[in-house]
Amino acid sequence: MTALQQAPATTRNVICSSCDIQCTVHAKVVEGQVVRIHSSDNPIFRDNICMKAVYAPKGFAHPDRLLYPLRRVGVRGSGKFERVSWDEANADIGARLKAIIDRHGPEAIAVSTSDWNTSTENGATRRFMNLLGSPNYISGVALCAGNTAAVNRLVYGWFPQPDYANTNCIMLFGHNPKRHSWVPVFNAIMKARQRGAKLVVLDPRKSEMAERADVWLPLKAGTDAAMCFGFLDVIIREKLYDAAFVEKWCHGFEALKARVAEFPLERVAAITGVGPDLIARAARIYAEGLSVIPWTPITDQQRNSTSAIRLHAIMRAICGNLDVPGGETLGGLHPDIPQKSLFELHDVLPQAQRDKQLGADRHPVFTYRTTQLLEDATERVWGYRYPNIVNGSYMAVPSAVFRAMADGVPYPVKAFIVQGNNPLMSYANMKLIHRAMMNQDLIVMHEHFMTPSAQLADYVLPGDAWTERNALMDGYGWAAHCKPSQKAMEPPGECRDAYAFWRGLADAMGLGAHFPWKTTDAILDERVRKVAPSFEVFAANNDAFLAPVAFRKYEKTGFATPTGKVELYSTVLEKFGFDPLPYWREDPPSDPGFPLSLFVGVREDEYFQTGHRHIDELRARRPEPQLYIHPATASAAGIAEGEWVRVETKAGGVKLQVSFA
Ligand SMILES: Nc1nc2c(c(=O)[nH]1)N[C@H]1C(S)=C(S)[C@@H](COP(=O)(O)OP(=O)(O)OC[C@H]3O[C@@H](n4cnc5c(=O)[nH]c(N)nc54)[C@H](O)[C@@H]3O)O[C@H]1N2
Ligand SMILES: Nc1nc2c(c(=O)[nH]1)N[C@H]1C(S)=C(S)[C@@H](COP(=O)(O)OP(=O)(O)OC[C@H]3O[C@@H](n4cnc5c(=O)[nH]c(N)nc54)[C@H](O)[C@@H]3O)O[C@H]1N2
Ligand code: SF4
Ligand SMILES: [Mo]
C-alpha cells in the first residue's frame, strides 16, 4: 500500500460541471487532494457515472493547467506571455476598460460566458455589466437552450421540464442522451422505458436512442418544424387535443388551425422524407396520453428554430401536457433561496443602453427588446421581473456582436471579456470571430487552459475548477431547485473563482461597493440565510433542496404572457411585425458544387465540447476528429473507412477521418 492509500479519506458531495447537466458526485479526498470521483447514492445519479467526471481530477492536475495570471508581451496571437499578479492585471484591465468606455461608451465592452458558469458566478457577470452600462452579453447558451427558453417564454412564460418519472411517451427531436452524455437524462429515459413509456425518435441517423425507439422517424436534417406541422395536422383533424384547455387557456387557436391546414401530410412527407403513415402514427402516440418533448440543441440550431420550438410548445399546450404530472412541469424561482437572477440588477441598466443591444433588431427573441414586453406578465406570475432562464435571457446576438467587434458596425466593440468559454471554436463563423478578436483593444480570458481563444488574449487569468469551490447550483429558473456543491480541495496556484474574478474587476472600475460580499462563501451564506445558518451547514444537510411541488399553477396566476394565455398566436412577435404564427421557410436551392448534405450533432463520449483532449486516457480512446458517412455514399466516392478527407462548405473546410460507425 502506498502512503496515499493509507491516509484517512473524506468524501465531499460535489456537483460535476464537466458538462452542464449538474450531476451530484462524490469526491474522495486524501491529504487535501481529490483522488477519485465516484457516483453518489442519489437515485437519479447512482446508476452510472460518465468518464468525463471520472477523469476530471486528472484533467485539473494536468501540467498545462494555468496557475498564474498572464499578460501578453508579443503581438496578439504570438503566444508570448509573462506572469503578473492579480492586482497588477486587474489595475491595468480597469484602466484600459475606462479608456474604452470614455472613447466609445460602455456598450463597447462585450462579455461571453458559457454553460458551466451558469450558477457559479452568483449573478456577478450581469451585475458587473449592468452597473457598467453594457447590454452586450453573449453566451454559448445562444446555441444551447437559451433560444428554446426564450421561445417557450414567448408562448407561455415558462420553460418546462419533462416529468420522466410519470410520463407515458417521450418524443425526442434528435436528442440522444447516452451512458456518457447527460447521464441523469439517459437514466431517466431508461427507467421510463422499463415502466413501459413509449419512445418516439426523430433523427436522420439511427442513433442510440433511435435503436431503442417504438417509432423512429428518419427525417431530413433541419425539417423538424415541418414535421411538427404534420403532427399538428393529425392532432387537429382527428381532434386529439384537449379541447377544454384550448378553449379556456389558448390564444389564437383558429388562426393556428388555418396555418396548420397549409400542411397536409403529403406536403410534410415531401419536405421531411418520412411517409405519411409513420408521421400519423407518431402523432397519435404523442397525443394519446401524457407525453413529453425534452429540449435539445438540435432545434436551437436550425433555419426554422423559432418555429420548431414554438411548435413543440404548442403541441405540449394543446395536448394538455403543461404543468401536470406525467407532462411537463413549470418550475420558476425557488421561493426560499434567492436564485442568481436576483443578484443581476437588470433594473439598473438604462433604457437607452438596453436599446443598443446588438442584434435585437433582426433576432430579438432572447434580447431585452422581447423580454421587456413580457416584464409585467412575468412579475404577475413569477413575482419578479427579471428571471434569467438558463442564463439565456437578456442576451445580445453573438453574430451581431462579432460583426461589431470586427467591423465597428453599427458601432465599435473594443473589449471582450471571456469566462469559461472558447468563442473561436464554439460559435458559428470562426473566420469572422478571429477577425473580431484580432480587432480588439483588450481581450481578457478566465480559463483553465491556453485554448485557441486564450492564445489571442491580452490577459489570461487562471480559473478554479468544480472540485475546488463551494457553489450553489440553482435550477436556472428552469426548475425551482437548488443543489449545493462542496469544495473538496484548495485551488492550485493562484486560480480564482468566477465571483472573485468579477469582484476584482468591479473594484478596479470603482464599483466595489456594489459587490459587498467579499468572497463567494459570503454570498452563498446570504443566499441560504432563510433556510440554514450558513452555506456549510446547508451543504452538509442537503443533497438537493426542492421547492414544494404544485401543478396547474397557471390556474391561479394565468400564464406569463401579455394575454395571460398560451399564445399560439404571439402578440409579442406581432408587435414587431414578425409572423405571429409558426411558419416553414424552405432551404435555398442546393449548390451543384456541393452535392452532399451535412448535419452536425453526436457528442463524443470522452470529451465535453472543445475540452478534455489533454487527458491521455480519454485521448487514447478517441484520438482523431471523425466524420460519419454512409458506406454507400463513401464507396461511390471511392472513400475507405479510416481515410482522411477534407470536408468543405461555402464557409470553410476541415480535415476529418472517415468512420462508418
Ligand atoms: N461546432 C460546434 N459548435 C458548438 C457545438 C457543437 O457541438 N459543435 N455545441 C454548442 C453547445 S450545445 C454548447 S453548450 C456550446 C459550448 O461552448 P463552450 O462553452 O465554449 O464550451 P467549451 O468548448 O467546453 O469551452 C469551455 C471552456 O471553459 C473552460 N472551463 C471549464 N470549466 C471552467 C471553470 O470552472 N472555470 C473557468 N474559468 N473556465 C472553465 C474550459 O477549459 C473550456 O476551454 O458550444 C456550441 N457550439
Ligand atoms: N460526452 C458528452 N456529452 C455531452 C456533451 C459533450 O460534449 N460530450 N455536450 C453536452 C451538451 S452542451 C449538450 S447541449 C447535449 C446535447 O446532446 P443531444 O441533444 O443529444 O445533441 P447532439 O448529440 O448534438 O445530437 C443528437 C442527435 O441529433 C441528430 N440530428 C442532427 N441533425 C438533426 C436534425 O436536423 N433534426 C433531428 N431531429 N435530429 C438531428 C444527430 O444525428 C444526433 O443523433 O449533450 C451534452 N452531453
Ligand atoms: S453527465 Fe458526466 S460530465 Fe456531465 S455533469 Fe454528469 S458526471 Fe459530469
Ligand atoms: Mo450545450
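**Notebook: salt bridges and the ligand 1 site**

I began with glutamate 494, which is partly exposed, with a relative accessible area of 29%. For this term I used three classes: buried is under 20% relative accessible area, exposed is over 50%, and partly exposed is in between, with a 1.4 Å probe and protein chains only.

I note that this is a predicted model, in which local features need pLDDT of at least 70, side-chain atom pairs count only at pLDDT 80 or more, and totals for chains, interfaces and linings use all residues. Residues are numbered from 1 along each chain as its sequence is written, chains are lettered from A and ligands numbered from 1 in the order in which they are written, and side-chain values use heavy atoms, with hydrogens and water left out.

**Entry on salt bridges**

I searched the whole structure for salt bridges and found 39. The term requires a side-chain nitrogen of Lys or Arg within 4 Å of a carboxyl oxygen of Asp or Glu.

I then looked up the partner of glutamate 494: a salt bridge joins this residue to arginine 83, with 3.3 Å between the closest N and O atoms. The two are 411 residues apart, arginine 83 being in strand β5 (residues 81-83) and glutamate 494 in the loop between β19 (481-485) and α21 (498-508). Helices (H or I, at least four residues) and strands (E, at least two) are DSSP runs, numbered from the N terminus. Arginine 83 counts as exposed, at 52% relative accessibility.

Next I examined arginine 193 and aspartate 214, whose closest N and O atoms are 2.7 Å apart in a salt bridge. Arginine 193 belongs to helix α7 (residues 183-195) and aspartate 214 to the loop between α8 (208-212) and β11 (215-217), so the pair ties together parts 21 residues apart in sequence. Arginine 193 is partly exposed at 25%, and aspartate 214 is partly exposed at 34%.

I also recorded a network of salt bridges that links Arg72, Arg76, Asp92, Arg96 and Asp458.

**Entry on ligand 1**

I listed 21 residues around ligand 1, the closest being Ser114, Asn421, Ser426, Glu447 and Thr610; a residue counts if one of its heavy atoms lies within 4 Å.

For glutamate 447, I found a polar side-chain atom 2.5 Å from an oxygen atom of ligand 1. A polar backbone atom of histidine 446 is 3.1 Å from a nitrogen atom of the ligand. I then noted the area: taken alone, ligand 1 exposes 920 Å², and the protein buries 82% of that. These areas come from the Shrake-Rupley method with a 1.4 Å probe.

Note on methods
A polar contact is a pair of N or O atoms within 3.5 Å; within protein, one must be able to donate a hydrogen and the other to accept it, and residues adjacent in sequence count only if both atoms are side-chain atoms.
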